Amino acid sequence: MLDQRPTPPADLLIRGAHVLDPRAGLDERLDVRVRGGEIAEIGRDLEAAEAEVVDGEGRHLFPGFVDPHVHLRVPGQEHKEDLESGTRSAAAGGYVAVVAMPNTAPTVDSAPVLGSLREAARREARIPVGFLASVTRGLAGEALTEMAELREAGALGFTDDGKPVHRAGILRKALQYQKLCGGVIALHEEDPTLSGKGVMHEGEVSARLGLAGIPSISESTLIARDASLAGYEDGRIHIQHLSARESVEAVAAAKARGVRISCEASPHHLTLTDEALLETLDTRLKMNPPLRSEDDRQALIDGLRSGVVDCIATDHAPHAREEKEVPFEEAPMGTTGSETAFAAVYTDLVAPGVLPLALVVAKLNAGAALMGLPTPEIRVGRPADLVLVDLAAEWEVGEAGYESRAENCCFAGRRLSGRVLMTVAAGGVAHRKLPVAA
Ligand SMILES: [Zn+2]
Ligand SMILES: [Zn+2]
């Protein structure tokens, strides 16, 4: 159910990298041989044979990351991003698979739209892409899509991302169909009657700036409702871009009573707060859900530690430059995030000792299983899904431009450590910033 353009299978010997894969139980300096796109051998002092040798000395090799939440803007908004640029951007961030949202123009709400999108991905996508279809037709929140037909056409699951499923009865019906056709239902949680015309987090900072706020309860009250619905129908739901302490508590409570619920947090909500807006009303800092308080950020970090927060997802949301070059109140919501996810989390949370590196690596590909995909692991016989990183390498976000077509990155101008040198996705080299060795 993943699509990508054909890529030649790699033959590589990655020599002397610190191989870290918590699931495979690896945390030591090793050589990894990739033959015909598969992990063929893991050991010490392996012979190069015919393979290209990649110098891993002083570098880290992780299982590739999987992003369960990106906006590739295809079909219809290719001025923001397209399948080629979006997957190139993801590969540059160490991703070996991404799941694209259906809030496009037209909406991915029918088998023919999904079919032609998948065909385009088989021509253009640099790494494997999976697609969610919408829960309701045209994201209008009124009528369900043909969920069974969409599943047969290859949808991994369903979401109305960008919007909540506002009517409880509609979501209940979707959960009933899910029993027949499977596929995760991913939810953007926000009560529009509480969010109103808010443009940032409702709190002290919004009061000081005199801007309309989006309260945390806009998110958490809907999570509580939807967790109840999922529990009642024994459905499987995934909560997208958790941003608030109350939301973490709502998910924890649902998990404690056995609801089949998972959730994600984004690098920006894990590393930034609304106080950034006191310095500058930069529209790159405007996203939905908004950057919240330090207390909320701490709750998300605790959630990663405790397991309440299952994975890290970027919600990569590209916009054209002119769309963001407007006053803060008028700017569209969203930040790009594929190229900065690892480095932002590494710099702000791992390097200062807040979270262990192994935990972050695991959370960066835990989204795979939540979307029904295999989790990349560094094991013999598995497809090569690998990312080679130089943790010590510093770079300034945006200094050399972006692989994404868009520039609306909330980390622009920040100095980060942790540079992705090479990404091998589904056995093929998808990104490299390394000189070719002999
Ligand atoms: Zn959303
Ligand atoms: Zn989104």
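**Notes on the zinc site, salt bridges and cavities**

1. Let us start at the metal. Three residues of the protein donate to the zinc ion (ligand 1): Asp161 through OD, His188 through ND1 and His241 through NE2, at 2.0 to 2.1 Å from the ion. Please keep in mind that this is a predicted model. Along the sequence, the donors follow the spacing D-x26-H-x52-H.

2. A second ion belongs in this picture. The zinc ion (ligand 2) lies 3.5 Å from the zinc ion (ligand 1), and Asp161 coordinates both. The pair Asp161 and His188 links distant parts of the chain, 27 residues apart. Asp161 sits in the loop between strand E9 (157-159) and helix H4 (168-181), while His188 sits in the loop between strand E10 (184-187) and helix H5 (192-195).

3. Are these two donors buried or exposed? Asp161 has a relative accessible area of 3%, so it counts as buried. His188 comes out at 4% relative accessibility, which also puts it in the buried class. The cut-off behind both calls is a relative accessible area under 20%.

4. Ser195 deserves a moment of your time. This residue is part of helix H5, and its relative accessibility of 5% means that it is buried. Which residues does Ser195 touch, leaving aside its neighbours within four places in sequence? The contacts are Glu190, Gly213, Ile214, Pro215 and Ser218.

5. Ser195 and two of the zinc donors turn up again when you look for enclosed space. A search of the whole structure gives three cavities of 30 Å³ or more, and the largest has a volume of about 50 Å³. Its lining includes the donors His188 and His241, together with Ser195. Glu190, Ile214 and Ser218, which are in contact with Ser195, also line this cavity. The remaining lining residues are Glu189, Glu219, Asn288, Pro289 and Arg292. By class, the lining is made up of two nonpolar, five polar and four charged residues.

6. Now to the charged pairs, since the structure holds 27 salt bridges. One of them joins the side chains of Asp3 and Arg118, with an N to O distance of 2.6 Å. Asp3 belongs to the segment before strand E1 (12-21) and Arg118 to helix H2 (residues 111-124), so this bridge ties together parts that lie 115 residues apart in sequence. Both partners, Asp3 and Arg118, are buried.

7. Another bridge starts from the segment before E1. Here the side chain of Arg5 meets that of Glu84 at 3.8 Å, N to O. The two are 79 residues apart and link distant parts of the chain, with Glu84 located in helix H1 (residues 83-92). How do the partners compare in exposure? Arg5 has 26% relative accessibility and is therefore partly exposed, whereas Glu84, with a relative accessible area of 19%, is buried. The Glu84 value can be read against the cut-off, because buried means under 20%.

8. The bridge between Arg5 and Glu84 has company. Through salt bridges that share partners, Arg5, Glu84, Arg88, Arg126, Glu403 and Lys433 form one network.

9. A last pair to look up in the model is Arg284 with Asp282. Their side chains form a salt bridge of 3.0 Å, N to O. Arg284 has 29% relative accessibility, so it counts as partly exposed.

Methods: Residues are numbered from 1 along each chain as its sequence is written. Chains are lettered from A and ligands numbered from 1 in the order in which they are written. This is a predicted model: local features need pLDDT of at least 70, side-chain atom pairs count only at pLDDT 80 or more; totals for chains, interfaces and linings use all residues. Side-chain values use heavy atoms; hydrogens and water are left out. Donors are N, O and S atoms within 2.8 Å of the metal (3.2 Å for Na, K and Ca); water is not among the atoms, so sites may look incomplete. Helices (H or I, at least four residues) and strands (E, at least two) are DSSP runs, numbered from the N terminus. Buried means under 20% relative accessible area, exposed over 50%, partly exposed in between (1.4 Å probe, protein chains only). Contact means heavy atoms within 4.5 Å. A salt bridge is a side-chain nitrogen of Lys or Arg within 4 Å of a carboxyl oxygen of Asp or Glu. On a 1 Å grid over the protein atoms alone, a cavity is a set of points where a 1.4 Å probe fits but cannot get out, and a pocket is an open set with protein on both sides within 12 Å along at least five of seven lines; lining residues have an atom within 4 Å of a point. Grid points are joined across faces, edges and corners, and a volume is the space filled by probe spheres set on the points. Ala, Val, Leu, Ile, Met, Phe, Trp, Tyr, Cys and Pro count as nonpolar, Asp, Glu, Lys and Arg as charged, and the others, Gly among them, as polar.
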